[in-house]
Amino acid sequence: MNRLVAAVSSVASVGALLIVPSTPAQAAAGEVVVFSTEFQRLDTYRNPEGCNKLPVAAHVLLNQSSSEVVVHADPFCLTPGVPVEPGFGSHVPAGSGAFSVNR
């Protein structure tokens, strides 16, 4: 009987966690600017949110937003990445993939 109560309690707890809505992702206020080459215009991401694919030739990322951004090695932001605090920048290897907003 104790096992049945424990099992029902566990299922109910998991069900309650699934029902609780997660907070929606919010955009970072400001800009993330990416420099690629001297022959290209800067890529500017205004109020970025979610996962943003970097240009193939990306060389430097400047975080001028209000939130930390994370540079990922893949274009889907699935791998661990390098955090870049607001007001800081980072070199990014060509073909780095993407950056995401860390709220």
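Biologist: Is aspartate 74 buried or exposed?
Modeller: This is a predicted model in which local features need pLDDT of at least 70 and side-chain atom pairs count only at pLDDT 80 or more, while totals for chains, interfaces and linings use all residues. Residues are numbered from 1 along each chain as its sequence is written, and side-chain values use heavy atoms, with hydrogens and water left out. Aspartate 74 lies in the loop between S5 and strand S6 (81-84), where helices (H or I, at least four residues) and strands (E, at least two) are DSSP runs numbered from the N terminus. Since buried means under 20% relative accessible area, exposed over 50% and partly exposed in between, with a 1.4 Å probe and protein chains only, the 12% of aspartate 74 makes this residue buried.

Biologist: What distance separates the C-alpha atoms of aspartate 74 and alanine 98?
Modeller: Leaving out residues up to four places away in sequence, aspartate 74 touches Thr79, Ser96, Gly97 and Ala98, a contact being heavy atoms within 4.5 Å. Aspartate 74 and alanine 98 are 24 residues apart along the chain, and the separation of their C-alpha atoms is 6.2 Å.

Biologist: In S8, which residue is the bridge partner of lysine 53?
Modeller: Strand S8 (residues 98-102) is mostly covered, with four of its five residues buried. Strand S3 (residues 51-53) runs antiparallel to S8 and is joined to it by three bridges, where two strands pair if DSSP finds at least two bridges between them. Within S8, the bridge partner of lysine 53 is alanine 98.

Biologist: How many bridges join S5 to S8?
Modeller: One opposed pair of residues here is valine 70 and serine 100, the latter in S8. S5 and S8 run antiparallel, and the number of bridges that join them is five.

Biologist: Which strands stand at the edges of the open sheet, each with a single partner strand?
Modeller: The open sheet has four strands in the order S2-S1-S4-S7, with antiparallel pairing. Its neighbouring strands are turned by 15° against each other on average, direction ignored, the axes being lines fitted to C-alpha atoms (for helices over the stretch in contact) and angles running from 0 to 180 degrees between N-to-C directions. Because each has a single partner strand, one side is left without a neighbour in the sheet for both S2 and strand S7 (89-91).

Biologist: Which residues form the uncovered face of S4?
Modeller: In a regular strand the side chains alternate between the two faces of the sheet. S4 (residues 60-65) pairs with S1 in the antiparallel sense over six bridges, with phenylalanine 35 opposite valine 60, and it also pairs with S7 in the antiparallel sense over three bridges, with serine 90 as the bridge partner of leucine 61. The covered face of S4 consists of Leu61, Asn63 and Ser65, and the uncovered one of Val60, Leu62 and Gln64.

Biologist: With which residue does arginine 46 form a salt bridge?
Modeller: A salt bridge is a side-chain nitrogen of Lys or Arg within 4 Å of a carboxyl oxygen of Asp or Glu, and by this rule the count comes to one. In this pair the closest N and O atoms are 2.1 Å apart, and it links distant parts of the chain, from strand S2 (residues 43-46) to strand S1, 15 residues apart. Arginine 46 counts as exposed at 59% relative accessibility, whereas its partner is partly exposed at 25%. That partner, which stands opposite glutamine 64 in S4, is glutamate 31.

Biologist: Which elements give two or more residues to the largest nonpolar core?
Modeller: A nonpolar core is a set of buried Ala, Val, Leu, Ile, Met, Phe, Trp, Tyr and Cys residues joined through side-chain atoms within 4.5 Å. The largest one has eleven residues, namely Val32, Val34, Tyr45, Leu54, Ala58, Leu61, Val69, Val71, Val84, Val92 and Phe99. The elements that give two or more residues to this core are strand S1 (30-35) and strand S5 (68-72).

Biologist: What percentage of the residues of the protein count as buried?
Modeller: The protein has one helix and eight strands, which follow the pattern α-β-β-β-β-β-β-β-β along the sequence. Among contacts with a separation of 6 or more, 55% come from residues 24 or more positions apart. Of the 103 residues of the protein, the share that counts as buried is 30%.
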